[in-house]
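Student: I have a model open in front of me, and I would like to learn how to read its helices, its cores and its open spaces. Could we go through them one feature at a time?

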Amino acid sequence: MIYTVTFNPALDYVVRMDSLIPGEVNRTAQEEIFFGGKGINVSTVLNELGEESVALGFIAGFTGDALAAGVGHLGVQTDFIKLPKGNTRINVKIKAAKETEINAGGPPIPKEAFEALVQKLDRLKEGDVLCLSGSIPKSLEQNTYEVLLEHLSGRGIRFVVDATGDLLLNVLKYHPFLIKPNHHELGEMLGKTLANDREIEDGARELQKRGARNVLVSMAGDGAMLLTETGESHRIGVVDGTVRNSVGAGDSMVAGFIAGYLQKQDYLYALQLGSACGSATAFSDGLCKKETIYALLAQLQ
């Protein structure tokens, strides 16, 4: 089974308008609500690919109830922990001439709630996949990823970590199955600017030396690169399309890679499916759909 964790999910309220004029009354042309959070995004795309997962994390208040119901309606199995105070955040995404985001802080997560999450994760067994994505809320210790991976290490669980900076570097010692920095994040972690494929590959190999098993480097319009634990190096381009949305594209790539590898035990196919999912989301208003994914996959192959 695949498990995803979203520490601070959100209802993403997306409004579209021709222009945004500060200090004036602005009218929207269109509004949509999405169920946001990197782990939730991964679970949603996995569901499109026919892979079951359980979305874990924390919700609070009436907005949390709405989020849990909405994610369940998408066909994703959930096992959220209800927090005693606050409300699950609402993030406002304004798409006008320029894109503006207003992200809320989210409810506090007490120690007891975190311990309840650890108890749920104790159910994972050998061969399961645990996906940890994104930043850590201020109400939790910033070494939370380390605490969880240390607790679960040695059980044969495949860890997937999509994070940046020290949050990622500090968990490499637990030999995550997959990490997915983009090329800018990779350079920042190594304290240098990576100017070409050779430098990006060298940077990815450095993270492998520090413990990562497979390193997937996303490169926006330049495609992606994968270095595997079996010594393979793969480079893939992108398909043509109009970018409509950047939110969730990286999460979609992670979901596609996990699904592709579990289905065929083939790293090249996992890279291709991951790239197709990332592009399909980038070309859509929301997260990718199965029909678009497999149409793009055929082009990549």
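**Reading a predicted model**

Tutor: Let us begin with one helix, bearing in mind that this is a predicted model: in α6, the buried residues are H183, L186, G187, M189 and L190. Seen down the axis of α6, these buried residues fall within an arc of 160°, so they line one face of the helix.

Student: Why would buried positions in a helix be spaced three or four places apart?

Tutor: The general idea is that an α-helix has 3.6 residues a turn, so residues three or four places apart point the same way. In this structure, the other side of α6 carries H184 and E188, which are exposed.

Student: Which elements do the buried residues of α6 pack against?

Tutor: They pack against the helices α5 (165-169) and α7 (197-209), and also against β12 (214-218).

Student: How many residues of α1 are buried?

Tutor: Helix α1, which spans residues 38-48, is mostly covered, with 8 of its 11 residues buried. Those buried residues are G39, I40, N41, V42, S43, T44, V45 and L46. Just after α1 comes G50, which takes a positive phi of about 80°.

Student: What does L46 touch, if residues up to four places away in sequence are not counted?

Tutor: L46, whose place is in helix α1, touches I2, E51, S53, A255, I258 and A259 when those sequence neighbours are left out. L46 has a relative accessible area of 0%, and since buried means under 20%, it is classed as buried. It is also instructive to compare sequence with space: L46 and Y294 are 248 residues apart in sequence and 13 Å apart in space, C-alpha to C-alpha.

Student: Let us turn to the cores. How many residues are in the largest nonpolar core?

Tutor: In soluble globular proteins, nonpolar side chains tend to be buried together. Here the largest nonpolar core has 48 residues, and those with the most contacts inside it are F7, L117, L121, L130, Y145 and L207. Helix α3 (residues 111-121) gives the most to this core, namely 5 residues. Apart from this core lies another, of 35 residues, among them V129, M253, V254 and A280.

Student: Which residues does L121 touch?

Tutor: Leaving out residues up to four places away in sequence, L121 touches V5, L56, L130, L148 and L152.

Student: Now for the open spaces. What is the volume of the largest pocket, and which residues line it nearest its centre?

Tutor: A pocket can be read by its volume, then by its lining, and then by the elements that supply that lining. The largest pocket has a volume of about 860 Å³, and among the 38 residues that line it, D12, G36, G37, N41 and V247 lie nearest its centre. Two or more lining residues come from each of β1 (2-6), β2 (10-16), β3 (30-36), α1 and β7 (89-95), and α1 gives the most, with 5 residues. By class, the lining of the largest pocket divides into 12 nonpolar, 16 polar and 10 charged residues.

Student: How does the lining of the second largest pocket divide by class?

Tutor: The lining of the second largest pocket has 12 nonpolar, 16 polar and 4 charged residues. This pocket holds about 680 Å³ of space, and of its 32 lining residues, K180, S218, A220, A249 and G250 lie nearest its centre. The elements α6 (183-190), α8 (249-264) and α9 (267-282) each supply at least two residues of this lining, and the largest share, 4 residues, comes from α9.

Student: Where is A220 placed, and is it buried or exposed?

Tutor: A220 sits in the loop between β12 and β13 (224-227), and it is exposed, with a relative accessible area of 65%. When reading backbone angles, it is worth checking the residue type beside the sign of phi: A220 has a positive phi of about 50° although it is not a glycine. Q265, in the loop between α8 and α9, likewise is not a glycine and has a positive phi of about 55°. Q265 is partly exposed, with a relative accessible area of 47%.

Student: Which residues line the largest cavity?

Tutor: The largest cavity, with a volume of about 30 Å³, is lined by V129, R158, V160, F177, I258, Y261 and L262. Helix α8 gives the most to this lining, with 3 residues, and by class the lining has 6 nonpolar, no polar and 1 charged residues.

Terms used
Residues are numbered from 1 along each chain as its sequence is written. This is a predicted model: local features need pLDDT of at least 70, side-chain atom pairs count only at pLDDT 80 or more; totals for chains, interfaces and linings use all residues. Side-chain values use heavy atoms; hydrogens and water are left out. A nonpolar core is a set of buried Ala, Val, Leu, Ile, Met, Phe, Trp, Tyr and Cys residues joined through side-chain atoms within 4.5 Å. Buried means under 20% relative accessible area, exposed over 50%, partly exposed in between (1.4 Å probe, protein chains only). Contact means heavy atoms within 4.5 Å. On a 1 Å grid over the protein atoms alone, a cavity is a set of points where a 1.4 Å probe fits but cannot get out, and a pocket is an open set with protein on both sides within 12 Å along at least five of seven lines; lining residues have an atom within 4 Å of a point. Grid points are joined across faces, edges and corners, and a volume is the space filled by probe spheres set on the points. Ala, Val, Leu, Ile, Met, Phe, Trp, Tyr, Cys and Pro count as nonpolar, Asp, Glu, Lys and Arg as charged, and the others, Gly among them, as polar. The arc is that of the directions from the helix axis to the C-beta atoms.
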